[in-house]
Amino acid sequence: MKIGKYSFGLGDRFNHQGEAQLKAIIMANEAGIPMIPVWNKSNREHQIIQTTPKQTRKEADEAVNSLVWEGDYYVDADHINLLNVDHFIQSSNFFTIDVADQIGVSAKQADIKKFVSSCKEMMGELRIPNIKEKFTITEDFVISVAKKYLFAVKEAGRIYRYIIQRKESNDFIPEISMDEVDQSQQPIEILFILKAVALEGIPIQTIAPKFTGRFNKGVDYMGNIRQFKKEFEQDLLILDYAIKEFKLPANLKLSIHSGSDKFSIYPVIGSLIKKYDKGIHIKTAGTTWLEEVIGLASADGAGLMIAKEIYKRAYERKNDLCIPYAAVIDIDHSKLPSPEEVRTWTAGKFASTLRHIPDHPDYNPNFRQLIHVGYKVAAEMGSDFYAALVKYAAIIEENVIENLFERHIKRLFLT
Ligand SMILES: [Zn+2]
């Protein structure tokens, strides 16, 4: 299995928008972007919503069959580790091996020594084709990278081999993710991480580093765009170099987690992957769930009432809901409207407060982020919520498609 050049990770918390999401991917293909859908869902999401990986597989298969999609598609076991990978084995053909927690755990002295000696020929002055800056690689630097990342990469190797053993096949897409950490990885560190990955024998096809800046859930990028551009460009070139020098899979590409809604860096990403003819995987999770709430609100009547109820319950439990996502949200609680105020809103006001149109006067990123992490309350509403998803499917679908195609895919690939 080799993942194509452009792929889009479609998170769908409640398993109802598979077709709508695939329609957006089909529109991309019709517009000349050969894009592949990947349905991703993490163990955390499954636990909160009480769904199973099997349901994600079913949703993907059904969408593909009903829309007669003949291209490749994948089901991604997102952010798995040895403790939770078991129930993803059957249904997934893409595994995001998460070793963020192992960063900083020191590997054995002998392993570090072996790694350092395998990096000997890169020491001294190192030039990477197309990168102006030259890197001075000292033994101390390699040791420091090894101390930080070697154990994590070895853990990724253990997980990779475990998946092969359980699946009795190595025919799946392996990704390594290190994004859920505070400190970003420098491009030159990524080079040595990839060296370790190659030595460990993991044929990764996508890698998700932590980039500079904040990748908050469901809202725009926050950080230094110029710095992001510099690092992203170096990352692309370093991947190229690593593919050639370390014999990693030729289609190895960057995976951008929390990749939805990062509108201000989309032109940077789009133009750089075009410039170097590189692929990309954009992973999204909650942006579709937000469109479900927008669709319900826009339906007015009972739909709007459910949307308001979701906000009210999320507001009442905001501290609890925010805890698991603390590293990836920034909510100014003083800017959250009270549920009493929201009760008076029209359908249009609710939708435009939530919808991600940055320069709309109603848009409120705090409101949006709280609902983003508030999907648990919808899950708890159970059949009432699911029935509304069915009843208002048409207006929800319109919003899901517009969000993915107009605001995401077009901005990334067609501007
Ligand atoms: Zn991630």
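The following questions and answers examine helices, domains and single residues of a predicted model.

User: What kind of model is this, and from which number are residues counted along each chain?
Analyst: The model is predicted, and local features need pLDDT of at least 70, side-chain atom pairs count only at pLDDT 80 or more, and totals for chains, interfaces and linings use all residues. Along each chain, as its sequence is written, residues are numbered from 1.

User: How is helix H9 oriented relative to helix H10?
Analyst: Helices (H or I, at least four residues) and strands (E, at least two) are DSSP runs, numbered from the N terminus. The axes of H9 (residues 287-298) and H10 (residues 301-316) come within 6 Å and cross at roughly 135 degrees; axes are lines fitted to C-alpha atoms, for helices over the stretch in contact, and angles run from 0 to 180 degrees between N-to-C directions. Angles under 35 degrees count as roughly parallel, over 145 as roughly antiparallel, 65 to 115 as roughly perpendicular and the rest as oblique. The crossing angle therefore makes H9, relative to H10, oblique.

User: Which residues of H10 make the contact with H9?
Analyst: Two residues are in contact if their C-beta atoms, placed from the backbone, lie within 7 Å. On the H9 side, the contact is made by Val 293, Leu 296 and Ala 297. On the H10 side, the residues are Gly 303, Leu 304, Ile 306, Ala 307 and Ile 310.

User: Is Ala 378 buried or exposed?
Analyst: Ala 378 is found in helix H15 (residues 375-381), and it touches Ile 310 and Phe 385, not counting residues up to four places away in sequence. A residue is buried if 20 or more other C-beta atoms lie within 10 Å of its own, exposed if 12 or fewer, and partly exposed in between, with C-beta atoms placed from the backbone. Because Ala 378 has 27 C-beta neighbours inside 10 Å, it counts as buried.

User: Which elements do the buried residues of H7 pack against?
Analyst: Helix H7 (residues 225-246) has 22 residues and reaches 30 Å from its first C-alpha to its last, close to the 32 Å expected at 1.5 Å a residue; the expected span is 1.5 Å times one less than the number of residues. Its buried residues include Phe 228, Phe 232 and Leu 239. They pack against helix H6 (187-200), strand E9 (253-256) and helix H8 (266-275).

User: Which element gives the most residues to the side of domain 1 that touches domain 2?
Analyst: The domain assignment, which is automatic or from a database, gives domain 1 (6-102 + 148-285) and domain 2 (288-399). The contact takes 24 residues from domain 1 and 22 residues from domain 2. On the domain 1 side, helix H1 (18-30) and helix H2 (43-49) are the elements that give two or more residues. The most, three residues, come from H2.

User: Is Gln 50 buried or exposed?
Analyst: Gln 50 is found in the loop between H2 and H3. Its phi is positive, about 65 degrees, although Gln 50 is not a glycine. Because Gln 50 has 9 C-beta neighbours inside 10 Å, it counts as exposed.

User: What is the burial class of Asn 130?
Analyst: Asn 130 is found in the loop between strand E5 (124-126) and strand E6 (135-137). Its phi is near 75 degrees, a positive value in a residue other than glycine. Because Asn 130 has 13 C-beta neighbours inside 10 Å, it counts as partly exposed.
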